[in-house]
Amino acid sequence: ARLLVPYKVPPFTMPFNIAALMYLSSTTSQAYFATSLNSILPEHAGRTEAIEYDWSLLLQAIPKGVGQVYLADNTATGIIMIVGMCVCSPIAAVAATLGSFIGILTGVAVGADPAAVYFGLWGYNSVLGAITVGGMFFVINGPCIPFAAYCAVMCALTTPTIGAMLGTVGVPAMTFPFCVCALTFYLLQGSVSKIIAVSLATASVPEEHYRRLHITQFVAKSFRAMADQMNLRPHQQGPMTKKARLELQLYKHFSARTLGELLNFLDLDDDGYVNFLDLSCLIVRCNYGHVPKEMLSEIWQLSCSEATDKLDREGLSDFIAMRLLLKKKREDVDAYLEMLDCDATGFVSIEKINEALEAFGQKGLNAGEQHMLLEQYCRHSALNDDGEMEWWRLADVLQYSFMNYLYKG
């Protein structure tokens, strides 16, 4: 594993394969450590006729391919493993199932031995390859899906190749094919456009990698929005983005249940309207997130359809939905900046921010954007002796740029 550290590549199951190879190859001819393995020279089948496969057995082989990762050639056991993976990571469960399917399909395409295909032996390496590239060590996105499928195909094709070589000393292929292919694909990081490898220090489940990607994209937009549009008011900008409209509709749906109760509570005059003062005071009293009154005023102006100081039911619905959306974005930024604070000092640097942005395929902040960021931060707080910023104060500074996220500049 240490040999691969300079290349930032995980060892996968290579240590197990090397240890198993050393043990099995040295005990095949030993009386006291005898195994059931025998040296087998690869044979050429010499078939010219088409091979017929039982499609019902091929379907059963899909979960068997997943089970064979743990040496279980049972359909029910494979299904249980897929369900267990789904509890932890639905993306990994889908990748495992598709990987096994691709491996079996590859075996059928090249005319593999039906018995080996039915036992799932053409699927298990593809399962590991699909999980590795399809979200576990790469961020799952559009380009990553065919990349993972290609890795699964290569794992399947490499299995008989390595099996033929190791069979001469009576050793099965084990997961050597997966290691060879996965290491090759992982070394391609940075060489393939839009394929984002996950650093070993931050590796987690595929869903978390996907969430970090979207948070990183949002944070990058927030930094640039602050640098480019800090002095613009949101209502002076272009129309709302399609993504923002969809998110707002979702939050409006969740807030619809309490909308009537809130309107009745705040509508002291029974005229069907609420005013800004009553609503902002209620939010402050309820300690509903750290939202400056100036930002509430901005949201209020965006929600008012006319030049008025009151909101009707529809305007109040827009206000609540926008407030919930911006609150969620603030929580995402807090979590993101806190994640960069690996030493739990409460501070982050420009360098760490740029490294994190580039790690997820985003362009780092240029010199002008860095200068603007530091200038805006220093208006509210001072840098520490190392030139770093308190991440929660930086999140406060970024709050106004959240409004620009909703609109096209």
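What follows is a set of questions and answers about a predicted model.

Me: Let's start with helix 15. Which of its residues are buried, and do they line one face or lie scattered around the helix?
Reply: Helix 15 buries Glu-369, Leu-373, Gln-376 and Tyr-377. Looking down the axis, those buried residues fall within an arc of 100 degrees, so they line one face of the helix.

Me: Which exposed residues sit on the face of helix 15 turned away from its buried side?
Reply: The buried side of helix 15 includes Leu-373 and Tyr-377. Turned away from that side is a face carrying two exposed residues, Ala-367 and His-371.

Me: How far does helix 15 reach from its first C-alpha to its last?
Reply: Helix 15 covers residues 367–378, which is 12 residues. At 1.5 Å a residue you'd expect 16 Å, and the model comes close to that, with a reach of 16 Å.

Me: Which residue caps the N-terminal end of helix 15?
Reply: Check the backbone nitrogen of Gly-368: a side-chain oxygen lies 3.1 Å from it. The residue supplying that oxygen, and so capping the helix within the 3.5 Å limit for a polar contact, is Asn-366.

Me: On to Thr-159. Is it buried or exposed?
Reply: Thr-159 is part of helix 7, residues 144–167. Leaving out residues up to four places away in sequence, it touches Leu-121, Asn-125, Ala-173 and Pro-177. Its relative accessible area is 11%, and because the cut-off is under 20%, Thr-159 counts as buried.

Me: Which residue's backbone oxygen lies 2.8 Å from the side chain of Thr-159?
Reply: The side chain of Thr-159 has a polar atom, and that's the atom to look at. The backbone oxygen 2.8 Å away from it belongs to Cys-155.

Me: Phe-12 and Leu-71 have positive phi values. Which one is buried?
Reply: Neither is a glycine, yet phi is about 55 degrees for Phe-12 and about 60 degrees for Leu-71. Leu-71 lies in the loop between helix 2 and helix 3, and with a relative accessible area of 76% it is exposed. The segment before helix 1 holds the other residue, and at 16% relative accessibility the buried one is Phe-12.

Me: Why doesn't Cys-144 form a disulfide, and what is the distance to the closest cysteine sulfur?
Reply: Cys-144 is buried, at 1% relative accessibility. The closest cysteine sulfur is in Cys-151, and a disulfide would need the two sulfurs within 2.5 Å, so the pair is too far apart for a bond. The distance is 9.8 Å.

Me: And how many disulfides does the model have in total?
Reply: The rule asks for a pair of cysteine sulfur atoms within 2.5 Å. By that rule, the count is zero.

Me: Which residues are linked with Arg-211 in a network of salt bridges?
Reply: Arg-211 is partly exposed, at 36% relative accessible area. Its salt bridge with Glu-208 has the closest N and O atoms 3.0 Å apart, and both residues lie in helix 9, three residues apart, about one turn. An α-helix has 3.6 residues a turn, so residues three or four places apart point the same way. The network links Arg-211 with Glu-208 and Arg-212.

Me: Which residue meets Arg-379 in a salt bridge?
Reply: Arg-379 is exposed, with a relative accessible area of 54%. Its partner is partly exposed at 33%. The N to O distance is 3.3 Å, and the partner is Glu-375.

Methods
Residues are numbered from 1 along each chain as its sequence is written. This is a predicted model: local features need pLDDT of at least 70, side-chain atom pairs count only at pLDDT 80 or more; totals for chains, interfaces and linings use all residues. Side-chain values use heavy atoms; hydrogens and water are left out. Helices (H or I, at least four residues) and strands (E, at least two) are DSSP runs, numbered from the N terminus. Buried means under 20% relative accessible area, exposed over 50%, partly exposed in between (1.4 Å probe, protein chains only). A polar contact is a pair of N or O atoms within 3.5 Å; within protein, one must be able to donate a hydrogen and the other to accept it, and residues adjacent in sequence count only if both atoms are side-chain atoms. Contact means heavy atoms within 4.5 Å. The expected span of a helix is 1.5 Å times one less than its number of residues. The arc is that of the directions from the helix axis to the C-beta atoms. A salt bridge is a side-chain nitrogen of Lys or Arg within 4 Å of a carboxyl oxygen of Asp or Glu.
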